[in-house]
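Colleague: Got a minute to go through this one with me? I'd like to hear the reasoning behind the labels, not just the labels.

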Amino acid sequence: LLVGRHQDSTSRFDGFNFVTGMPRDEPLATQSRQTAVRAEAALALLDGQWTTRASFMGVRADNINRRAGNFQNRSDGERDLFRLQSTARIQAGNLTHSLTGALDVETERFTSTDANPLAASNQRQRRRQTSLVGEYRLTASNGLAAGAAVRHDMNDRFADATTVRFDAVAPIGDVRLHAAFGTGIADPTFFDQFGFFPGSFQGNPALVPEKSRSVEAGIGWAKGGHSIDVTLFDANLTNEIISTFNRTTFIAGVANATGRSTRRGVEVAGRAALADGLTLNASYTWLDANQQQTAGTAVVREVRRPRHSGSISLAYQSRDFDLSAAAAITGARGDTDFARFVPVTLPAYTLVTLAGAWHISPRIDLTARIENALDATQVDVFAYRGPGLTAHGGIRFRL
């Protein structure tokens, strides 16, 4: 398996007048280039009961900042991930035992270059993480399943960390009970640690990884192409990486929060087979997300996280063509106007996507897609509007 992708884009934006606190028209632009390559090979032994996979993924990302076409600075990031994974399966009556071991070696490199060769932002950084993973899974012919996994990360920039996950599914007729518990970490990005944007942003080399704990439990029902599932979830996050702003220097940055963030809520998802080839899918999420950036202070609503969100889609598949219509609904949520340092409310919006494919032969499809078909105004970050109505067309080949 070999996959490659390259993307090149340019975004233009305005600056701020720090005297009046209002945006001002400035000829600022960032060119972003991303290249990704993935290769994988697999070996199966003992009639497929023992499989081993080796894979490599390389990502390159460049961001070049200019003012009126003149170079200001650039940041270049590289990420290489090598993974070796081996899984053995043992069948014992109605039970299947699966044991997996994996090794990950991830290397990241970051370079920042300023137009001024003497600038403090000029730097080269590197970090490596080696991870060992072990997982055991048990599945039964009646749908009963359970699993346990442990991961140990060895870092050269942060303290080593061990995370775990447990999950189980228990069927009772057409009803399915499920639950999971897990812990995790998220390393700061290189830009969080060492990034630099002239006069606007400076990274924080003292950052430590975020830590999370989550638990969920739910019940589902499925029969004859119809299903519904309800899941309750609760999660908390410590050492959350948050934005900071120095009112004296007007430089933004990031830091680890000393308080705790909590996210809890309920997810409901359903599916209905309305007719041959015609299906309806719908989902809804209620989310209560709060954060405490400084320990001992008041807990406030987390920004940019809607209390209500959901989706609904209708899809038809046939031998000659496929059609689908989907609506993604995002409720109102809070944000901050960093020009005036006041809270604002981002309005709710609905994105409608229409898509279709004509199977002109067993191996060739003509495809079309219209995104944001109603040309809705979508703003996920204050003052940054998302794309309007967009149309795509293409040809899909199957080898």
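Modeller: Start with the network of salt bridges that links Arg60, Glu78, Asp80 and Arg109. Keep in mind that this is a predicted model.

Colleague: How many salt bridges are there by this rule?

Modeller: The count comes to 31 salt bridges. Side chains of opposite charge can pair when their charged atoms come close.

Colleague: What makes arginine 33 and aspartate 62 a salt bridge?

Modeller: The closest N and O atoms of arginine 33 and aspartate 62 are 3.8 Å apart, and the cut-off is within 4 Å, so the pair counts. This pair links distant parts of the chain, with arginine 33 in strand β2 (residues 22–45) and aspartate 62 in strand β3 (residues 50–67), 29 residues apart.

Colleague: And is arginine 33 buried, exposed or partly exposed?

Modeller: Arginine 33 has 26% relative accessibility. Buried would need under 20% and exposed over 50%, so arginine 33 is partly exposed.

Colleague: How do you know that glutamate 40 and arginine 38 form a salt bridge?

Modeller: Their closest N and O atoms are 2.6 Å apart, which is within 4 Å, so the pair of glutamate 40 and arginine 38 qualifies. Glutamate 40 comes out at 21% relative accessibility, so it counts as partly exposed, given that buried means under 20%. Arginine 38 has a relative accessible area of 33%, so it is partly exposed as well.

Colleague: What about aspartate 167 and arginine 165, why is that pair called a salt bridge?

Modeller: The closest N and O atoms of aspartate 167 and arginine 165 are 4.0 Å apart. The rule says within 4 Å, so the pair is counted as a salt bridge.

Colleague: Why is aspartate 167 called buried?

Modeller: Aspartate 167 has a relative accessible area of 18%, and buried means under 20%, so the label follows. Arginine 165, at 42%, falls between 20% and 50%, so it is partly exposed.

Colleague: On to the loops. What makes glycine 388 a contact of aspartate 375?

Modeller: Contact means heavy atoms within 4.5 Å, and aspartate 375 meets that with Arg385, Gly388 and Leu389, leaving aside its neighbours within four places in sequence. Aspartate 375 and glycine 388 are 13 residues apart in sequence and 5.0 Å apart in space, C-alpha to C-alpha. Aspartate 375 itself lies in the loop between β24 (364–371) and β25 (379–381).

Colleague: Which atom of leucine 389 lies 3.1 Å from the side chain of aspartate 375?

Modeller: The backbone nitrogen of leucine 389 lies at that distance from a polar atom of the aspartate 375 side chain. The limit for a polar contact is within 3.5 Å, so 3.1 Å passes on distance.

Colleague: Why is alanine 295 called partly exposed?

Modeller: Alanine 295 has 47% relative accessibility, and exposed means over 50%, so it stays partly exposed. Alanine 295 is found in the loop between β17 (278–291) and β18 (300–301), and its contacts beyond four places in sequence are Thr258 and Gly259.

Colleague: Last one: what lines the largest cavity, by class?

Modeller: The lining has one nonpolar, two polar and seven charged residues. Among them are Glu106, Arg127 and Phe158. The largest share, three residues, comes from β6, and about 60 Å³ of space lies in this cavity.

How values were computed:
Residues numbered from 1 in each chain as written. Predicted model: local features only at pLDDT ≥ 70, side-chain atom pairs only at ≥ 80, totals over all residues. Heavy atoms only, no water. Salt bridge = Lys/Arg side-chain N within 4 Å of Asp/Glu carboxyl O. Helix = DSSP H or I, 4+ residues; strand = E, 2+ residues; numbered from the N terminus. Buried < 20%, exposed > 50% of the residue type's maximum accessible area, 1.4 Å probe, protein only. Polar contact = N/O pair within 3.5 Å; in protein donor to acceptor, adjacent residues only side chain to side chain. 1 Å grid on protein atoms, 1.4 Å probe; cavity = no way out; pocket = protein on both sides within 12 Å on 5 of 7 lines; lining within 4 Å. Points joined across faces, edges and corners; volume = space filled by probe spheres on them. Nonpolar A, V, L, I, M, F, W, Y, C, P; charged D, E, K, R; others polar.
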